[in-house]
Each structure stands twice: as C-alpha cells, then as structure tokens.
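Trainee: Please give me a close look at a single part of this model, and describe what surrounds it.

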Amino acid sequence: MSESRTQSARTSGAFAAALRADGEVPAPLIDWAAAEAQRTDRDVADLLAERSPTHEEAVYRLLADFLGAAYEPLDERQPDAALVARLPSRDALAGDVAPLARDGDQVVLVTSRPETLLRSDELATRIGAPVRVALTAPSRLRRYLERCYGLGAETVSDVVTESRQAEPRVELVASPSVSITDQLDSVQEASVTRFVNRVLFEAVQAQASDIHVEPFERELHVRFRIDGVLQDVPVPPAVKQLEQAIISRIKVLADMDIAEKRLTQDGQIRLNVLGRTVDVRVSVVPSIYGESVVLRILDRQAQYRDLGELGMPGEMLADFRRVLSLAQGLVLVTGPTGSGKTTTLYASLNHVRGPERKIITIEDPVEYRLEGITQIQVRESIGLGFSNLLRNIVRHDPDVIMIGEIRDAATANIAMNAAITGHLVVATLHTNDAPTAIGRLAGMGVPRYMIASAVKVVLAQRLVRVVCEHCKQPDTLSDEALREFPALSGHAVYRGTGCEACRQSGYRGRTGIFESFLVGATIAEQIADGAPEATIRHSAAAGGLVPLRTAGVERVIAGVTSCEELYRVTRDVTENPGTEQTA
C-alpha cells in the first residue's frame, strides 16, 4: 500500500467512486461529501460519518478494503492493560490510535485515521515492538479509547503531571452562560475546566438525563443515566487526585459556595452546547468520602414535544386533547418518579397555550422555562408551598393552572375547588395506575362529591426503552417471560444485541405506555357513592381502559420494546380480575 494511494482515499475522487459502486451509501450523500471534500480539504469518509452516522461503519469497512487494510469492528473488545500502559494516553488520544492485542511478536493497533496506517515504523518505536495497524470507525474508536484510558484521560494525565511539581491552582469565574464546543481533544493547555467540559459534552451527546459524580475511598465514579438506566463512564484512576478541583469547578458554575462542604447545596448552570441551550440542575450532598454531585440535564429542545410524540394510542390521544380543550376540570397524570409525568404536563401546556389563555405553573423545581407562561418556584423555607401558592394564584385570574405534584390534603382540596370554579387544572399524583388515583385523593380527605365533579381524565404512564433499530434481532421468549406475559405466546419479539449507536445497551430512546379513563356520568356517580376501586376499575375497563401491562404487551408485539424492559418498568403493577391481558 503506497502513500499516494492512501492520500487518494482522502480526496473526492477514487474513494467516492468506490462508494458509488458499492451502493450502500445513497448517491446524493456521496456527491455532497465529494464536493465538500474538495471545498474544505476534509476526508470524504469523515464527512460521511459526520453527516450520516448510520452509514459510518459501512463507509469505514469499504475504506479499509480500498486501502488494503484490515477492518476492526471493536464491538465489545476489552483493552489489554499491559498494552495500554505501553502507549501513553496523550499519544493515543492525540493520534486517534489505540493498542488492541498481541499477534505473535507483533502488537496490533487500531486507528480511524487512514494516514496512521503509514506510521507503523514510528508507532513501533514508541511501543517497543513491531506493530500492525487496523482501521475502524471513529465513533467505535472513541468508545474503545474511553475503555482504555477513561473519559478525559489526556486532561487528567497532564494535570496530574503538573501537580507533581506544584499544588494545582484552580481559579474559577462564574458566568451567566458557559459555552462548550467539541474542541476538547487537543493537547494544549490541560485543566480541570476542560475535563468538566468534556464530561458535560459527552453527557449531552449521549442524551443522558443525569450525571452522577460519586466519591469513594480510592476512586471517583462518574455515571450517566441514559434512557432511565445508570451506566458507568470509564475515567482514569488518577482523576481521584483532582476530586476537590472538579467539584469546586461544578459548584462555581452553579453559583454555589465552594467553601461549604458540610451542607447540601442546589444550583443551576446554563450551557451552550454546540449552539444548543441546555440547563443543568446541580445537587451536592456530603458523604463520608466527600461531596457527591448529581447534575440533571434539562435539554430544552428535547422537552418541547407535541402530545402526539409521547406514544399515546390514537383514540386515547384524541380523548386527552378533547379534555384539554375544556374550560374547567382536573387532568391527573399519575405514575412513579421517572415515568415521564413532567414531560406529559409540559406537552399538555404546549398544546393549550395561546394569547387568549393565562397559564400559571407551580413547580418544585421549575425544570424548563416556557415562553408565555408564568412559572412559580416552590420555596417551602419561606412559606411558598404548593397550597399557599395555589390559594393566591387562583386570584391571579388564570385560565390554566399546572401543579407539579399534589402532595397533601390542602393542595388537593384547593386544586379541586379551582377545577370546579372555572379553571383547567393539570397536575401529577404518585400512584401505580389510573384507577388507584381516586382512592388516593379520597384518602387525602377530599370529599368524594368534589372528586366526581372535578376530575375529567386520569392518565397513568411508564417510560420503556426502545429497542435499537441498528442492532435489532428476533428474540426467543423464555418460559419466565411467557408466564409473566402469556399474551405474547405465538408472537415474534425482538431485542437489541448492542452496538455503537446504542452504546452497547441494545436500546436507544424511550417511549411511553399509558392507561387512561374518562370520568363520565357512570364513573362520577360511582365515585360520589363511595364505590370500591374494583368497581371503578371495572367501569373504566368497560369504557375502554387498557391496563398498563396490556398496553406494554402491544408495544412488545409491535417490536418497539422488549419483554424484559416491559417487566422492568411494570413489575409494580398487578393486573386485576376482569382486566385480563389481550392482544
């Protein structure tokens, strides 16, 4: 393989022609990449991987074949610690090259840069052994480098090296807006700021909802919550030495007291990540090994969702929208923490807001700022609780009131009064399913006649992870799954095997499963008469209520999610007699 042939792969000529002949990448995409490569002097392969990540592996497999090199998919390859130690993190990350395995007396390296294939002699000198270089896709290499050296390893390595000469001094200045870009892989000035930026950037790119920074006796753990499940993020062991500096950086960005390490603190950061506004809510609590930090990522673009994007079946969606068009009444959204209730409330507000409606929200905390809506933050410490605020805003001439959560009898009673005196009230309540909400309100001391008059619809929901379309494969039902979900018998089901697109989890994204019932004349009469929950449930089922688990089974049969995921999110739900699963 000659240098000229490698260079030709980086132009818009021969490699673009090879891509067209292969036929896997759409021709218009190849034409764009070839023209852009000539205009910007960038690689055709890089441009295609950036514009269309779904074609990245196909492009780099063909590039390897075009160059006469081996292609390494990496998949779930685990690093060899002894080989990793022979190639410093700075060299590996700056050169986009990683040690993979031994092959006799040779060391196999993997890279995503075609020009690195020609540097085997130079790499052999650094490694101290003959080397053979294979090609892989950039996103796969990035994940493998994280497994080898940890997230932000080049920054940590440089800072720890500097700290051997002098105590690291971190001067942090809070600003109203912090801009983060992807220019974080250079080997210029290394700092704690860059490490924190890298963690934040990777979390937003991975669509994580939370970042957990947890100190332990000998290490500092970093975890991302992605699609509702925590996943470990590999970081260099040396990051433990920078624990205090990292936490101080986060606290200053969130306008917290750096010197206070004994008490809990809360704050907020506003970031600009690649031109996108992201709010981060920060919580710091003291633990026996230091301060533990959780950063909740509130992506504004992700939150502005239409009701039709949440996953409700068509008839349920139509009924829900119709209730939201009413001038008064209570709309209840129920489910445990993390089931997507707040997203549904915001989607509901987006549906009803307009210049002719005054909308006020009471939230704890205010997670997203909405244009044209008056939002109020609960502050119990100064007497601004849900019930006190609700009493006052009813006199503020609202058309629509959103209550973040009905927590107590006072809030419940005021919400009911508001809902029967000319206000549309949307609120959340913690119950496992929809029919249970009526008993929960009655248990709070709300008169049943008032519940019957005020409540118009009750919606219960869960969030299930969606099987990754890139690695989706038919699955075999286990005996345990059939016992748990007998309605799946005879149906094809699917699972994700794990790939780079889903970070090896088998899932990518989440959608909702729902059950709901309208409070019509029959159910309203039963509520007022004190009918037991089973009676209300039976009437709701007769009116079309589909239990949560049955709704979930339908999504499994449709190939949207897996039976393991459905069990994970509905194991607290028990189907009742008279509501048997059907599909």
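Mentor: What follows is a close look at strand β14 and its surroundings, after a short note on the model as a whole. This is a predicted model in which local features need pLDDT of at least 70 and side-chain atom pairs count only at pLDDT 80 or more, while totals for chains, interfaces and linings use all residues. Residues are numbered from 1 along each chain as its sequence is written, and side-chain values use heavy atoms, with hydrogens and water left out.

The protein chain contains 24 helices and 19 strands; these are DSSP runs numbered from the N terminus, helices being H or I of at least four residues and strands E of at least two. Of its 583 residues, 50% are buried, that is, under 20% relative accessible area with a 1.4 Å probe on protein chains only (exposed is over 50%, partly exposed in between). Among contacts (heavy atoms within 4.5 Å) between residues at least 6 apart in sequence, 65% join residues at least 24 apart.

Strand β14 covers residues 400-403. V400 and M402 point one way from β14, whereas I401 and I403 point the other way, and all are buried. Strand β14 pairs in the parallel sense with β12 (residues 359-363) over 4 bridges, pairing being counted if DSSP finds at least two bridges between two strands. Within that pairing, I401 of β14 is the bridge partner of I360. Strand β14 also runs parallel to β15 (residues 424-429), to which 4 bridges join it; here M402 stands opposite V426.

The connection between these last two strands involves helix α17: β14, α17 and β15 form a right-handed β-α-β unit. Right-handed means that, with the strands pointing away from the viewer, the path from the first strand over the helix to the second runs clockwise.

The same region leads to the largest nonpolar core, which has 57 residues. Such a core is a set of buried Ala, Val, Leu, Ile, Met, Phe, Trp, Tyr and Cys residues joined through side-chain atoms within 4.5 Å. Its members that touch the most others are L332, I403, I406 and F517, and I403 belongs to β14. Helix α17 (residues 409-419) gives the most to this core, with 6 residues. In soluble globular proteins, nonpolar side chains tend to be buried together.

I406 shows how the pieces meet. Leaving aside residues up to four places away in sequence, I406 touches L332, T411, A412, A415, A427, T428, L429 and M444. Of these, T411, A412 and A415 lie in α17, while A427, T428 and L429 lie in β15. A second, separate core of 50 residues includes A34, A37, L63 and Y149.

A polar residue elsewhere in the chain makes a useful companion to this picture. Q461 is found in strand β16 (residues 455-467) and counts as buried because its relative accessible area is 2%. The Q461 side chain reaches the backbone oxygen of S339 at 2.9 Å, within the 3.5 Å allowed between N or O atoms in a polar contact; within protein, one atom must be able to donate a hydrogen and the other to accept it, and residues adjacent in sequence count only if both atoms are side-chain atoms. Beyond four places in sequence, Q461 touches V333, T334, G335, P336, S339, G340, K341, T344, I513, F514 and L548.
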